Amino acid sequence: MDEATGFGVSGWKEYSLVLAFFLVAAVLFTWPLVLHVHDGIVGGHGDPLLNTWIISWDARTIFTHPTRLFQGNIIYPSRDVLAYSEHQFTLGLIAAPVYFVSRNPILAYNFLVFFCIVVSGLGCYLLIKELTGSRWGGLAGGLFYALFPYKIGQLSHIQIFFIPFLPLMLLYLHRYLERGGWRNAALFAAFFLAQSLSSWHHLIYCAIAAGLMWLWRAVSSRRREQWLRLLGAAAVAAAVALLVVPFALPYMRAHDRLPGFERSLKEVELYGARGEDYLRVLDDSVVYGDAPSPFREGGIGYENVLYPGVMVLLLAVAGLALRRREGEDQLAYDPASFRRNALLFLALGALSVLLAFGPKIGGRENPFYMIPYRMGLLKFTRVPTRFFLLAGLCLAVLSGYGVAKLCVRSVSVSERGLKAGRLLGFGLVALLLMELLTWNLYVYPIPVWGDVPEVYSWLAKQDDARIIELPTHALGPAVMYDRDLKLAPFDIFEYLYREGDVMYFSAYHWKQVVNGYSGYSPFSYRRIITEMQGFPSARTVGLLRGLGVTHVLWDWNWVPSERMEEFNVRLFSTPGLSFEGDFGSKSVFLVEPGETSYPQEMEVAAVAPAAVPPRSGFEMGLLVKNPTQAPMVCVEEEWQRFTLIFRNGEGGTAAEARGEYRAPFFVDAGETVSVPLRVEEIRLEEPGSEAVPEEGSNALRGLYEAELTLEGGVLGDRRFALELEIVDGLPDSASSDVLAGVLWMPGGEAALNVPSPNGLYPLAVVRARNEGGATWKALPQMEDYSLPPGEVHLALSWTEPDGTPWEEQACSLPCDVAPGQEVEVPLLARPPATPGEYHLRVGLYREGSGRFGGELLLKVVVGGLVEGGP
């Protein structure tokens with residue numbers, strides 16, 4: 001078979017030619033990246049620069065501070081920030097020599113791009129040659145696997161693009177199951193581990209591929225030695241899993257303490273494959289670049305470029321359909337081998353395509369995806385179409401079978417014999433290359449070495465510096481600013497461009513920076529970035545001081561020309577900031593040391609609905625006031641515990657509820673904020689009763705003395721006495737459309753003064769009274785940014801004096817509010833971005849039906865240029 005379908009060489013010459021072929025292909029398909037391998041990147045300034053930072057951080061930290069691998073220097077003050085994305089350990093390890101020798105993160109990143117293409121091609125070549133005995137089949141399949149369109153589209157996501165060890169893992173698993181040997185087992189483990197530690201997606205893909213190969217072989221195994229090898233392979237896979245566990249622990253910690261850390265089905269459904277995606281092509285394709293009908297246009301960064309090309313499909317069909325003719329005895333496979341191997345990859349490819357559709361296929365639930373999702377195996381992945389990488393490998397292997405069979409067929413029917421087989425093999429590879437070829441990719445220039453702004457070299461010499469780069473990109477409305485607010489940049493690509501640049505440049509100083517982005521954004525980051533819309537101001541300087549930020553890098557290129565003078569005056573006049581120096585377009589300001597307060601110094605009051613129905617959860621809250629003259633900033637991300645005890649007539653415990661809440665993040669001097677507490681489950685403590693959920697709490701009726709206890713934590717040990725009445729048949733705003741209430745401001749509706757524009761500002765504390773017959777349901781503690789129907793909050797409508805609207809906002813109630821009950825509601829709002837006089841209409845609002853009850857009409861003056869200045 002080697003002679004019939006080979007290219008006339010073997011040994012080291014063969015592998016040198018194969019490596020050279022894939023290296024030339026890598027240069028062609030990514031042209032002109034090779035000309036800018038040290039100072040350019042494909043895919044833009046967003047995700048590629050995020051991954052450049054991750055790889056550089058890994059390369060540096062693995063060998064210097066390995067125990068701090070997950071404590072990246074971005075998104076300060078959050079921790080385990082590397083777990084907010086893929087850790088990419090394998091990529092950092094491979095890139096480390098290039099990084100340490102060159103000190104060039106871009107060169108290290110692009111080295112991985114070319115490494116991946118060459119090793120992917122070589123690995124698939126070896127796998128197909130092992131299965132078919134055909135070098136030309138290996139070359140064709142290797143070319144496709146290394147550079148098929150979906151994979152090229154992932155050049156902006158190198159953690160997904162980088163999957164070179166999957167075919168090598170399958171090669172050595174196949175060899176071990178065929179003939180055993182500790183070397184094959186060790187190499188199977190090494191490639192399994194290396195690929196799994198490059199991406200959690202790849203761990204799943206490797207497990208599926210290896211698991212299916214194991215099961216496929218187990219079905220046909222009869223002899224004792226075959227089962228011993230199967231058990232040995234299972235033991236090797238278990239050992240690999242144990243080695244992966246330490247890398248999973250930071251993700252598990254983040255999942256436990258951070259709300260919204262796992263992927264929701266709603267988000268996953270957005271990235272599932274659609275039928276039309278299998279006709280989507282790359283705009284950089286030489287053949288399909290203009291996307292002629294019926295094709296659809298895609299590009300680098302797209303997650304749905306699923307059209308593989310016609311050549312690979314025809315070759316795969318040939319690999320499955322052609323049968324051996326009499327006289328074709330040189331073919332290295334027999335029918336049993338074909339069923340065990342080619343049909344295995346057909347089954348794996350079909351499964352991969354089904355998984356790529358995600359939770360639904362044609363509007364109906366996809367059991368192939370949903371069963372592992374419900375088992376928790378897919379809850380950390382977001383893009384189902386990435387399963388098409390497995391399908392790409394399967395197409396590569398099947399096309400290798402097709403080339404092998406066609407070459408042997410040509411030898412048997414042609415008088416030219418071996419030469420005909422080689423010519424056909426060469427022609428098929430050439431046709432496949434021409435159809436797949438991409439050309440003239442856009443390479444984004446990135447500053448390196450001496451072109452890196454001087455300020456970052458200066459920062460590298462500053463001891464214990466913590467940095468934020470401003471101004472932030474303009475944000476759109478988040479609607480509700482006093483809960484887990486949503487970050488909504490007006491231009492998401494511009495936002496990613498800026499934050500990507502900041503992360504990349506941090507690799508030249510490695511100081512902690514507030515900026516950054518990743519697959520997950522913690523509340524602290526979203527809140528800081530939103531607050532910094534109002535920088536500079538006394539409030540924002542106080543927040544930075546509380547965070548321990550020492551330096552502000554102000555980039556004048558990010559300031560609109562019409563606001564240059566305004567910010568020039570504000571920056572040099574705001575108390576707490578001192579000018580350090582200019583470095584080109586960037587100015588450095590120091591955040592001067594000052595007083596900050598502690599969470600234990602806060603005044604805390606508990607609020608709860610006066611009446612609640614039995615067998616129902618409810619919302620309580622804390623009103624936290626800062627009585628000091630200094631801001632309080634709490635960066636604790638762990639959940640805080642509370643206990644609510646219902647006392648019976650004798651003072652004993654009738655029932656108990658336990659829960660968790662988020663500590664207040666930022667409370668400025670004199671400010672009051674509300675902190676939600678959700679009561680989900682009541683545990684009966686009556687003699688003989690068992691701990692049961694609320695459905696079993698029907699013994700509780702009437703008025704109870706309740707005791708709320710904060711169990712240590714950042715606010716300290718605190719106890720509050722409350723009265724709660726448990727009443728049957730109490731309607732709420734989710735079930736009743738007849739609501740009534742009033743609002744008023746203690747001390748009257750005087751004009752409000754906001755010292756500086758934009759950002760966040762506590763306008764006032766208003767009082768609300770429920771004058772209807774249904775309980776107002778407050779917003780529960782949640783992070784999916786949707787307001788449940790029937791939820792009641794305060795609606796804030798900003799307008800200019802001429803009636804031009806600025807923004808619609810909302811403030812949450814501190815707790816559920818029973819009929820006849822009064823509560824205080826802190827108004828944390830985002831003032832308009834431009835100084836001036838505005839009208840603010842504040843009213844009660846029921847989600848799903850609109851405003852009701854009385855309203856406040858307030859005049860708000862958003863201050864001049866400088867707080868405390870001229």
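Here is a friendly exchange about a helix pair and some of the enclosed and open spaces in this predicted model.

Biologist: Why is H11 called roughly antiparallel to H12?

Modeller: The axes of H11 (residues 200–220) and H12 (residues 224–257) cross at roughly 165 degrees and come within 11 Å. Angles over 145 degrees count as roughly antiparallel, so H11 is roughly antiparallel to H12. The crossing of the two helices is left-handed.

Biologist: Which residues in H11 and H12 meet?

Modeller: With heavy atoms within 4.5 Å as the cut-off for contact, H11 brings Trp 200, Leu 203, Trp 214, Arg 217, Ala 218 and Ser 220. Their partners in H12 include Trp 227, Leu 230, Phe 247 and Tyr 251. By class, this contact has 12 nonpolar, 2 polar and 1 charged residues.

Biologist: Nice. Now the spaces inside: what makes a space a cavity here, as opposed to a pocket?

Modeller: In a cavity a 1.4 Å probe fits but cannot get out, whereas a pocket is an open set of points. The structure holds 6 cavities of 30 Å³ or more. The largest cavity has about 490 Å³ of space, and among its 30 lining residues, Asp 484, Phe 523, Arg 662, Ala 663 and Phe 665 are the closest to its centre.

Biologist: Which element supplies the largest share of that lining?

Modeller: Strand E19 does, with 5 residues. Helix H21 (523–531), strand E19 (672–679) and strand E28 (822–829) each give at least two. By class, the lining of the largest cavity has 18 nonpolar, 4 polar and 8 charged residues.

Biologist: How do you know which class each residue in the lining of the second largest cavity belongs to?

Modeller: The lining residues are Pro 149, Val 281, Leu 282, Ser 285, Tyr 288, Tyr 307, Pro 308, Gly 309, Glu 435, Leu 436 and Thr 438. Tyr and Pro count as nonpolar, Glu as charged and Gly as polar, and the lining divides into 7 nonpolar, 3 polar and 1 charged residues. Strand E2 (280–282) and helix H18 (418–436) each supply at least two of the lining residues. The volume of this second largest cavity is about 90 Å³.

Biologist: And what lines the second largest pocket?

Modeller: That pocket holds about 410 Å³ of space. Its lining has 25 residues, with Ala 474, Gln 533, Arg 563, Asn 758 and Ala 833 nearest its centre. Helix H23 (564–573) and strand E27 (805–812) are the elements that give two or more residues to this lining. The lining of the second largest pocket divides into 16 nonpolar, 4 polar and 5 charged residues.

Note on methods: Residues numbered from 1 in each chain as written. Predicted model: local features only at pLDDT ≥ 70, side-chain atom pairs only at ≥ 80, totals over all residues. Heavy atoms only, no water. 1 Å grid on protein atoms, 1.4 Å probe; cavity = no way out; pocket = protein on both sides within 12 Å on 5 of 7 lines; lining within 4 Å. Points joined across faces, edges and corners; volume = space filled by probe spheres on them. Helix = DSSP H or I, 4+ residues; strand = E, 2+ residues; numbered from the N terminus. Axes fitted to C-alpha atoms, helices over the stretch in contact; angles between N-to-C directions. Parallel < 35°, antiparallel > 145°, perpendicular 65-115°, else oblique. Left-handed = near helix turned anticlockwise from the far one by under 90°.
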